[in-house]
Amino acid sequence: MAKPENNTQFLAQTPLYHIGVELKARFTSFGGWEMPVQYSGITQEHQAVRNAAGMFDISHMGKFTLQGQNLISQLEKLVPSDLSRLQPGQAQYTVLLNEQAGIIDDIIIYYQGRENTDSEKAVIIVNAATTEKDKTWLLQHFDLDTIQFQDLSRDKILIAVQGPKATNILQSFVSADLTPIKAFGHLETTIFGQPAFLARTGYTGEDGFEVMVDPEVGIKLWQSLYDAGVIPCGLGCRDTLRLEAAMALYGQDIDDNTTPLEAGLGWLVHLDTKSDFIGREILQQQKTVGVHRKLVGLQTQGRNISRHGYTVLSSGEVVGEVTSGTLSPTLGYPIALAYVSSQLATVKQELEVEIRGKAYPAVVVKRPFYRSKNRVTN
């Protein structure tokens, strides 16, 4: 997912913006939108998601619906993942690739099946900062005589309800039974008698749902969840939660110049079961000869926090760079993601991070840093 930006001019506001103002949220610029960075406090919001239930306004994210002939086969050419295995009601986290196998964006494709024998349907959710870039790329590569593309980014509210108690609380407002829905499952149902799209996906490492509805329904749902005890959460704890779960932040941990094999996303690359796709040749070469650098998890000692852009050292020599770092609220110690030379990307490898001009010990650790016991499986 995408990193914050500093431009505060001409920022868009979601339909839930006024609620954030009423709750005295602190706002920041993110992907061209003015978004809450925190409400009650990052640590309190973080712990609410880990232990109970929190909700995020993620209406800024790009939302596309697609329908037409050979939709999946056309999408197959744009991603390294095998989409032919998707059944209706299933989803795939994957990446759009450029010709150099660099990551244009990380996305989720929700396959809704066939409308009839000739027409397939899907929903695609993309990052806010890359919405226009992704839209242009997709439209360039689709056969627009056979595919209907609709951009609902400004028309729908998207709310993420996350945490061990999230599903039970959300259930009281949803007509369909959510129990059978597995991880990355999704369905169309109703909330307050109005159409709703729900997916058991998220960006926190916890169980929960992402809900896409019309604005008036979303505003009512947010207030109802708030009255039911769900804690409003901002981008601040969204970042600490996703980093504990070692989920990539677009524009920081992954970008147009990183390949999925470098980024530890090899599980998305299905070279053996797929035919040609954009970037395949580069990935095939990297698979054969290896990559020069890899994204690893780092743990530093004490409370010395590695931040984005900090230098990683080995025996005094520069061997990489930190992409994300924080003091983990759940674990109580500093964690980070960093690209380092491949020969040093092994668990227990001892390294150093330069923090304010001084080198501090760090060690490569397994990812994710934190794994929830509450998550459902696929």
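These numbered notes go through the predicted model, from its barrel and pocket to its unusual backbone positions.

1. **The barrel.** Six strands close into a barrel. Their order is 14-17-16-15-18-19, and the pairing is antiparallel. From one strand to the next, the twist averages 45°.

2. **Strand 15 against strand 18.** Strand 15 covers residues 311-314, and strand 18 covers residues 350-355. Two bridges pair them in the antiparallel sense. Look for Leu313, whose bridge partner in strand 18 is Glu352.

3. **Strand 18 against strand 19.** These two run antiparallel and are joined by six bridges. Leu351 has Ala362 of strand 19 as its bridge partner. The two strands form a hairpin with two residues between them. Arg356 sits in that loop. Its phi is positive, about 50°, although Arg356 is not a glycine. Most residues other than glycine have a negative phi, so a positive value deserves a look. Arg356 counts as exposed because its relative accessibility is 69%, and the cut-off for exposed is over 50%.

4. **Strand 14 against strand 19.** Strand 14 spans residues 293-300, and strand 19 spans residues 358-365. Four bridges join them, again in an antiparallel run. Gln299 stands opposite Val363 of strand 19.

5. **A helix over the barrel strands.** Helix 7 is made of residues 235-244. It lies across strand 16 (317-327) and strand 17 (334-341). Relative to strand 16, helix 7 runs at about 125°.

6. **After the barrel.** Pro368 is found in the segment after strand 19. The peptide bond from Arg367 to Pro368 is cis, with omega near -5°. Most peptide bonds are trans.

7. **The largest pocket.** How much space lies in the largest pocket? It holds about 1,200 Å³. The lining has 50 residues. Those nearest the centre are Tyr93, Phe184, Met247, Trp267 and Arg375. By class, 29 lining residues are nonpolar, twelve are polar and nine are charged.

8. **Strands in the lining.** Strand 5 (90-97), strand 6 (103-114), strand 11 (194-199) and strand 12 (208-213) each supply at least two residues to the lining of the largest pocket. Strand 5 gives the most, with four residues.

9. **Strand 5 in its setting.** Why is strand 5 largely enclosed by the rest of the structure? Seven of its eight residues are buried, so little of the strand is left uncovered. Eight bridges join strand 5 to strand 6, and the two run antiparallel. Ala91 has Tyr110 of strand 6 as its bridge partner. The hairpin formed by strand 5 and strand 6 has five residues between the strands. In its turn, Ala101 has a positive phi of about 70°.

10. **Phe184.** This residue lies among those nearest the centre of the largest pocket. Its place is in the loop between helix 5 (166-171) and strand 10 (186-191). Phe184 is not a glycine, yet its phi is positive, about 70°. Is Phe184 buried, partly exposed or exposed? Its relative accessible area is 22%, and buried means under 20%, so Phe184 is partly exposed.

11. **Strand 4 and its two partners.** Strand 4 (residues 62-68) is mostly covered, with six of its seven residues buried. Seven bridges pair it with strand 7 (residues 120-126) in the antiparallel sense. There, Gln67 stands opposite Lys121. Five bridges join strand 4 to strand 8 (residues 147-151), also in an antiparallel run. Gly68 stands opposite Ile147 of strand 8.

12. **Helix 2.** This helix covers residues 42-51. Its buried residues are Glu45, His46, Ala48, Val49 and Arg50. What covers them? The cover includes strand 2 (33-38), strand 3 (54-57), strand 9 (157-162), strand 13 (231-233) and helix 7. Helix 7 is also the helix that lies across strand 16 and strand 17.

13. **Tyr17.** Tyr17 is in helix 1 (residues 17-22). Leaving out residues up to four places away in sequence, Tyr17 touches Phe27 and Glu34. From Tyr17 to Val347 the C-alpha to C-alpha separation is 43 Å. In sequence the two are 330 residues apart.

How values were computed
Residues are numbered from 1 along each chain as its sequence is written. This is a predicted model: local features need pLDDT of at least 70, side-chain atom pairs count only at pLDDT 80 or more; totals for chains, interfaces and linings use all residues. Side-chain values use heavy atoms; hydrogens and water are left out. Two strands pair if DSSP finds at least two bridges between them. Axes are lines fitted to C-alpha atoms, for helices over the stretch in contact, and angles run from 0 to 180 degrees between N-to-C directions. Contact means heavy atoms within 4.5 Å. On a 1 Å grid over the protein atoms alone, a cavity is a set of points where a 1.4 Å probe fits but cannot get out, and a pocket is an open set with protein on both sides within 12 Å along at least five of seven lines; lining residues have an atom within 4 Å of a point. Grid points are joined across faces, edges and corners, and a volume is the space filled by probe spheres set on the points. Ala, Val, Leu, Ile, Met, Phe, Trp, Tyr, Cys and Pro count as nonpolar, Asp, Glu, Lys and Arg as charged, and the others, Gly among them, as polar. Buried means under 20% relative accessible area, exposed over 50%, partly exposed in between (1.4 Å probe, protein chains only).
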